[in-house]
Amino acid sequence: MAYESEEIRTGQEIFYYLLEHHELREEDEQRLYRAYTQEEGVQNLVKSQGEIAGSVIERYGNVIYLIPKEENNFLGFSKAQLKSTLCRSNGTDKDYYLSQFVILTLLVEFFDGQGSSSKAREYMRVGDLQNCISRRLKEGAENVSEEEEDTAGISFKTMLEAFEALKSDDKGSRARTTKEGFIYNILIFLQKQGLIEYVEQDEMIKTTKKLDNFMDWNLLNQNNYQRVLRVLGVEENE
């Protein structure tokens, strides 16, 4: 298919905008947004550039997103980068997997994957999240056999050990060596990515429209949702 020079230029302009901002909102850039949504050639060019860059371009509502694929360490985060950001300075793999478990637990608590919208609640207290993490880790360690853990590649027992090795501090510690600080730094990271709003003075977590849209349109199809539940050791009828 042959493209006009103006289409190529506009497609490149849109993709560069996405590289810089990670999202394109209709109210911020009407010209680029309408070019993407109304001109098939431009949209195809942008999606093609995204594919070459190891990403997908998706429109949810009135926002177009650039979403790096899992293996994309240039536009996304590598395991080493996440470990350095989320875990203590001498963090091990079990600390890294614990950080991912915290994020998965938060997602499942906010989104139940049912109905026209997957969102199940509007906010959550940090203390409730911490209690939920502890409870799910203990349930997983008690109920999942060693054979099942080996198959899944994630050990509830080692994650529970990592969580219990963190100190408890009711004075609002931000140190990654405490349970409160470990969770705090994960919440700050998610907030910087535009996925949650963390109201520190109230110890309250809210999700953003960006995360709501992503969960509804992308992650929480039934295959992905059941996969997340299996990782967390949640029964389907829970």
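User: Two strands pair if DSSP finds at least two bridges between them. Which residue in E3 stands opposite Val56?

Analyst: Heads-up: this is a predicted model, so local features need pLDDT of at least 70 and side-chain atom pairs pLDDT 80 or more, while totals for chains, interfaces and linings use all residues. Residues are numbered from 1 along each chain as its sequence is written, and side-chain values use heavy atoms, with hydrogens and water left out. E2 and strand E3 (residues 63–68) run antiparallel and are joined by six bridges. Across from Val56, in E3, you'll find Ile67.

User: In what order do the three strands of that open sheet come?

Analyst: Strand E1 (23–25) and strand E2 (55–60) are the edge strands, each pairing on one side only. The pairing in this sheet is antiparallel, and the order is E1-E3-E2.

User: How many helices and strands does the chain have?

Analyst: Helices (H or I, at least four residues) and strands (E, at least two) are DSSP runs, numbered from the N terminus. On that basis the chain comes to 11 helices and six strands.

User: There's also an open sheet with the order E4-E6-E5. Which residue in E6 is the bridge partner of Arg125?

Analyst: Strand E4 (124–125) and E5 each have a single partner strand, so one side of each has no neighbour in the sheet. E4 pairs with strand E6 (residues 204–207) in the antiparallel sense, over two bridges. In E6, the partner of Arg125 is Met204.

User: Is Thr10 buried or exposed?

Analyst: Thr10 belongs to helix H1 (residues 5–21), and its side chain reaches the backbone oxygen of Glu6 at 2.9 Å. Beyond its neighbours within four places in sequence, Thr10 is in contact (heavy atoms within 4.5 Å) with Ala35 and Val42. The cut-offs are under 20% relative accessible area for buried, over 50% for exposed and partly exposed in between (1.4 Å probe, protein chains only). Because its relative accessible area is 9%, Thr10 counts as buried.

User: And what distance separates the side chains of Arg136 and Glu109 in their polar contact?

Analyst: Arg136 sits in helix H6 and is buried, with a relative accessible area of 5%. A polar contact is a pair of N or O atoms within 3.5 Å; within protein, one must be able to donate a hydrogen and the other to accept it, and residues adjacent in sequence count only if both atoms are side-chain atoms. For Arg136 and Glu109, the distance is 3.0 Å.

User: How many residues are in the largest nonpolar core?

Analyst: A nonpolar core is a set of buried Ala, Val, Leu, Ile, Met, Phe, Trp, Tyr and Cys residues joined through side-chain atoms within 4.5 Å. Those with the most contacts inside the largest one are Leu129, Ile133, Leu137, Leu187, Tyr198 and Ile205. Elements giving two or more residues to this core include helix H5 (93–110), helix H6 (126–143) and helix H9 (179–192). The core's residue count is 38.

User: How many residues does the second, separate core have?

Analyst: Among its members are Ile14, Leu32, Tyr36 and Ile64. This second core has a residue count of 14.

User: With which residues is Ile133 in contact, leaving aside its neighbours within four places in sequence?

Analyst: Ile133 is one of the residues with the most contacts inside the largest core. Its partners outside that sequence window are Phe101, Val102, Thr105, Phe163 and Ile183.

User: Chain-wide, what percentage of the 238 residues is buried?

Analyst: Of contacts between residues at least 6 apart in sequence, 53% join residues at least 24 apart. As for the 238 residues in the chain, the buried share is 42%.
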